Amino acid sequence: MKIVKILGGGCPNCTILHNNVLSAIRELKIEAKVEKIEDFAEISKYGVMSTPALVINEKVVGIGKLKYKKVKGLIENG
Amino acid sequence: MIFPWLDSSVSWLIETLDIDLDSQVGTAIHFFIYDTIQITLLLIFMIFIISYIRSYFPPERTKKILEKFKGIIGNFFGSTLGVISPFCSCSSIPIFIGLISSGVPLGITFSFLITSPIVNEAAIVMLFGYFDYRIAILYISFGILIGVVGGFAIDKLKLEKYIEDFVYNIKNANIVLPKMNQMDRFQFSWQETFDILKRVYKWIVIGVFAGSIIHGWVPEDYLVDIAGPDNPFAVIIVTILAVPLYSNVLGTIPIANALIGKGMGIGTAMSFMMATTALSLPEMMILRKVMKPKLIWIFIGITTVGIIAIGYAFNLILGVI
């Protein structure tokens, strides 16, 4: 099972990314655990300095605004 | 006028509508239409180019560059990277934590934080459009200078104890940034252009509108005595008035341009613009999460003094030329 984390302190783009991740998982019909990380101390541990960021199985795969197609590809291959 | 064809088209349109171009209404309408279109075109073009350059300098990369430099050279690089690094207020905390926790000195971090909001790519574009390239270059140079001096002062004051303790307990990780090809960079730049434009557009329209009113109805030379280059207190008064005023720099440029036309000193207008953007209440409240109030006050103090100094310098330099 994949563990997907969305890093970001509640900015509008973070919410968009969260929704995209949920739809992508539904569309791909894969099992994944989705977590939202909003604590800045926790976010910084990943070395991320601009939010939102997408983490799959503890690896940062995307930073900043991501298109739905890109998110889907990342979740499929990550 | 950067676009003479646009200028004549707008004039033609106004005359077709049977409005006298030299009347107050005519002048104001011309200013409003011409400026709105000119700014939009310039912004799209320039933000795209700047975003493309920025795609090579994400904050994670900035951090790696800043780790290498110490002392005043570090302040210089911190300040310069503040000009080009993508940075919106919702990212200021992760950036601050990231820089401090990876060992970048507080002073250098502040050089970055001070310059970042002061020198804004869209503001550069508008200065270029309204005045000329010399003013735009002066603005960038002075913005970098405030960041260097401010960061240097903060370093000398030894203020590390005013950072919230948890920041120092974070172990910062270096990440391998996801790779970008040229296509990604173009997409990023286009996205940025669109986002920035969407975010700032209402400020531009409000600003241009206020500018056209001033342009059409405030008498010539009205401000010479109150805010002209020869009034020694103008810069200080204008800056202090502007600090609590929360606006976007883009809205203030057309207003500043119109005020200059009525006799306000250019340096005074520059201080006004910088003060409205550099210091805002929402930004300070975000920073409160990582620093204690005393440090925030020092930050506000140093930046305000820097902005006032720049106003005087500008008035002096442009008075001589």
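**Figure 1. How many residues lie between β3(A) and β4(A) in their hairpin, and which residue in the turn has a positive phi?** Two residues separate the strands of this hairpin. A:Asn57 sits in the turn, with a positive phi of about 45°. The model is predicted. Four bridges join β3(A), residues 53–56, to β4(A), residues 59–63. The two strands run antiparallel. Within this pairing, A:Val55 stands opposite A:Val60 of β4(A).

**Figure 2. The open sheet of chain A has four strands.** Their order is β2-β1-β3-β4. The pairing is mixed. β2(A), residues 32–37, is one edge strand, and β4(A) is the other. Each of these edge strands pairs on one side only. From one strand to the next, the twist averages 20°. Strands of a sheet can pair in either the parallel or the antiparallel sense, through backbone hydrogen bonds. The next two views take the pairings of β1(A) in turn.

**Figure 3. β1(A) pairs with β2(A) in the parallel sense.** Six bridges make up this pairing. A:Lys2 stands opposite A:Ala32, a residue of β2(A). In the sheet order, β2 and β1 are followed by β3 and β4. β2(A) is an edge strand.

**Figure 4. β1(A) and β3(A) run antiparallel.** β1(A) covers residues 2–7 and β3(A) covers residues 53–56. Four bridges join them. A:Val4 stands opposite A:Ile56 of β3(A). In a regular strand, side chains alternate between the two faces of the sheet.

**Figure 5. Helix α3 of chain A lies across three strands of chain A.** The helix spans residues 68–77. The strands beneath the title are β1, β3 and β4. Relative to β3(A), α3(A) runs at about 20°. β3(A) also takes part in the hairpin with β4(A).

**Figure 6. Helices α4 and α8 of chain B cross at roughly 135°.** α4(B) spans residues 71–84, and α8(B) spans residues 133–156. Their axes come within 8 Å. At this crossing angle, the helices are therefore oblique to each other. The crossing is right-handed. On α4(B), the contact residues are B:Ile72, B:Asn75, B:Phe76, B:Gly78, B:Ser79, B:Thr80, B:Gly82 and B:Val83. They meet B:Ile140, B:Ile144, B:Gly147, B:Val148, B:Gly151 and B:Phe152 of α8(B). By class, this contact has seven nonpolar and seven polar residues. No charged residue takes part.

**Figure 7. Helices α3 and α4 of chain B cross at roughly 170°.** Their axes come within 10 Å. The angle makes α3(B) roughly antiparallel to α4(B). This crossing, too, is right-handed. α3(B) contributes B:Thr62, B:Ile65 and B:Leu66. α4(B) contributes B:Gly74, B:Phe77, B:Gly78 and B:Leu81. Four of the contact residues are nonpolar and three are polar, with no charged residues. B:Gly78 also belongs to the contact of α4(B) with α8(B).

**Figure 8. Chain B touches chain A through 22 residues of its own.** Chain A brings 18 residues to the contact. On the chain B side, α3 (59–66) and α5 (92–101) each supply at least two residues. α5(B) gives the most, with six residues. By class, the chain B side divides into 13 nonpolar, six polar and three charged residues. α3(B) also packs in the view of Figure 7, where α3(B) contacts α4(B). The model scores ipTM 0.73 and pTM 0.77. Chain B averages a pLDDT of 82. In chain B, 93% of the residues score at least 70.

Notes. Residues are numbered from 1 along each chain as its sequence is written. Chains are lettered from A and ligands numbered from 1 in the order in which they are written. This is a predicted model: local features need pLDDT of at least 70, side-chain atom pairs count only at pLDDT 80 or more; totals for chains, interfaces and linings use all residues. Two residues are in contact if their C-beta atoms, placed from the backbone, lie within 7 Å. Ala, Val, Leu, Ile, Met, Phe, Trp, Tyr, Cys and Pro count as nonpolar, Asp, Glu, Lys and Arg as charged, and the others, Gly among them, as polar. Two strands pair if DSSP finds at least two bridges between them. Axes are lines fitted to C-alpha atoms, for helices over the stretch in contact, and angles run from 0 to 180 degrees between N-to-C directions. Angles under 35 degrees count as roughly parallel, over 145 as roughly antiparallel, 65 to 115 as roughly perpendicular and the rest as oblique. A crossing is left-handed if the near helix is turned anticlockwise from the far one by less than a right angle, and right-handed if clockwise. pLDDT is the predictor's confidence in each residue, from 0 to 100.
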